[in-house]
Amino acid sequence: MKIEFADRLKQLPPYLFVEIDKKKRQLIDAGHDVINLGIGDPDLPTPKFIIDKMAEAIYDPANHQYPLQWGVPQFRQQVAEWFKMRFGAEFDPQAEVLTTIGSKEAIGHMPLAVVNPGDIVLVPEPGYPVYQSASIFAGAEVFHMPLLEKNCYLPDLDAIPEDIRRRARLMFINYPNNPTAAVADRDFFERVVKFGLDNDIIIAHDAAYTEVYFEHRPLSIFCVEQAREVAIEFHSLSKTFNMTGWRIGFAVGNANAIAALAKVKENVDSGQFNAIQWTGVEALAHIDSVEVRALLDIYRERRDVLVEGLQSIGLDVKKPEATFYVWGKCPVGYDSMSFCSKVLEEAHVVLIPGVGFGKSGDGYFRIAITVDTDRLKEAINRISKLKL
Ligand SMILES: Cc1ncc(COP(=O)(O)O)c(C=O)c1O
């Protein structure tokens, strides 16, 4: 018997980090001290008050049953309250808020709720790879919107051709942005909402990093009143509270878009463990607590150490205003793969090649500041010794 798997798996883009992963493993196996600045996963533990809440919630038998499909009502209520407090926008927790199993799950399911085979999804590149794979799984065609430095890493909406606009049903955007760390201003959100309304395209804003910021609080797309006619926004507790492993997030926005996503989810998952949703209530209610705010100070210090250190050895990097990523330009004579390979082979430091996020990312690298300042200083020291 010859087993053939689905063509859609073959349509996924090649995994560009194979070589880097292999080399990293070889170095570790050979006993080298490899500094991994690749993974966007907080290294610090979840704050204790959140773990304490989980310990309590796990003993409640009411939490042991199937979760309600849209999520624990108190979680959605807390989301609505937090959203109003943080972004000034009001959402009906019954109809405009949905609990998700992290934001990746919601992003992954969104195209199934919106597009038919052959429709177009507008996807930023470089970008979080799930926008593209989820669109492919839904049978959509992907149209890439390049994020270029000269445009402050915002997509050039005017450059999207008329025939593409006609066939597009969904656009993904993501600010604060992974991997470029760019933030979007109100003017951009106004333009993107108008674009969606004019062209009947749902705007799906991935806002997973709005709470990891250093100077100014990043905006929600719902700073634009009309956004609720056309947009859905994905949020996550993963980065804000060091809860990546807990898998809890939420979507807010247009009631029809929320209901469509809920319909897909009802048929493929049974929601997130109620105890985790109750933990989410506790976390969101104390987002301004000392324990949570201290995390931002830690990232700020790391960012400053890293960026100032890399600048002092001649690398072209800027301080990000948000996210825990630093997006840098490879030195002259290198593309992203050759630079990241050299840094890995000779300095034993893992950076992510920008091209892995899309072709406009070539010539750049991404660093995650998810290691402590001593390790960052050690990484800078090692890179400073390279002949570039
Ligand atoms: C841009 C972006 N969106 C969404 C996610 C998914 O986060 P989660 O599923 O943990 O909420 C990530 C994770 O790295 C991300 O970088």
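**Exercise 1. Which elements do the buried residues of α12 pack against?**

Let's work through this predicted model step by step.

*Step 1.* Find the helix: α12 covers residues 336-347. Its twelve residues, at 1.5 Å a residue, should span 16 Å, and the end C-alpha atoms are indeed 16 Å apart, so expectation and model agree.

*Step 2.* Pick out the buried residues of α12: Ser-336, Phe-339, Cys-340, Lys-342, Val-343, Leu-344 and Ala-347.

*Step 3.* Look at what these residues pack against: α2 (18-29), β11 (349-350), β12 (352-353), β13 (364-368) and α13 (373-384).

*Step 4.* Check what follows the helix. After α12 comes His-348, with a positive phi near 60 degrees.

**Exercise 2. Describe how α2 and α12 pack together.**

*Step 1.* Two packed helices are described by the angle between their axes and by the distance between those axes.

*Step 2.* For α2 and α12 the angle is about 5 degrees, and the axes are 10 Å apart.

*Step 3.* Angles under 35 degrees count as roughly parallel, and therefore α2 and α12 are roughly parallel to each other.

*Step 4.* Now name the residues that make the contact. From α2 they are Ile-20, Lys-23, Lys-24 and Leu-27, and from α12 they are Cys-340, Ser-341, Leu-344 and Glu-345.

**Exercise 3. Find where the largest nonpolar core lies, using the domains that give residues to it.**

*Step 1.* Start with the members. This core has 61 residues, and those touching the most other members are Leu-122, Met-171, Phe-189, Val-192 and Ile-221.

*Step 2.* List the elements that give two or more residues to the core: α3 (48-57), α4 (73-87), β3 (120-125), β5 (168-174), α8 (186-199), β8 (249-253) and α10 (274-285).

*Step 3.* Bring in the domains. Domain 1 (7-45 + 290-384) and domain 2 (48-285) both contribute residues, so the core lies between them.

*Step 4.* Zoom in on one member. Beyond its neighbours within four places in sequence, Met-171 has contacts that include Leu-122, Met-145, Val-192 and Phe-195.

*Step 5.* Don't mix this core up with another one of 40 residues that lies apart from it; Phe-339, Val-343, Val-349 and Ile-367 are among the members of that other core.

**Exercise 4. Is Arg-293 buried or exposed?**

*Step 1.* Locate Arg-293 in helix α11 (residues 290-312).

*Step 2.* Its relative accessible area is 18%. Buried means under 20%, so Arg-293 is buried.

*Step 3.* Finish with its surroundings. Leaving out neighbours within four places in sequence, Arg-293 is in contact with Tyr-213, Arg-217, Ile-287 and Asp-288.

Notes:
Residues numbered from 1 in each chain as written. Predicted model: local features only at pLDDT ≥ 70, side-chain atom pairs only at ≥ 80, totals over all residues. Heavy atoms only, no water. Core = buried A, V, L, I, M, F, W, Y, C linked by side-chain atoms within 4.5 Å. Buried < 20%, exposed > 50% of the residue type's maximum accessible area, 1.4 Å probe, protein only. Helix = DSSP H or I, 4+ residues; strand = E, 2+ residues; numbered from the N terminus. Domains from an automatic or database assignment. Contact = heavy atoms within 4.5 Å. Expected span 1.5 Å × (residues − 1). Axes fitted to C-alpha atoms, helices over the stretch in contact; angles between N-to-C directions. Parallel < 35°, antiparallel > 145°, perpendicular 65-115°, else oblique.
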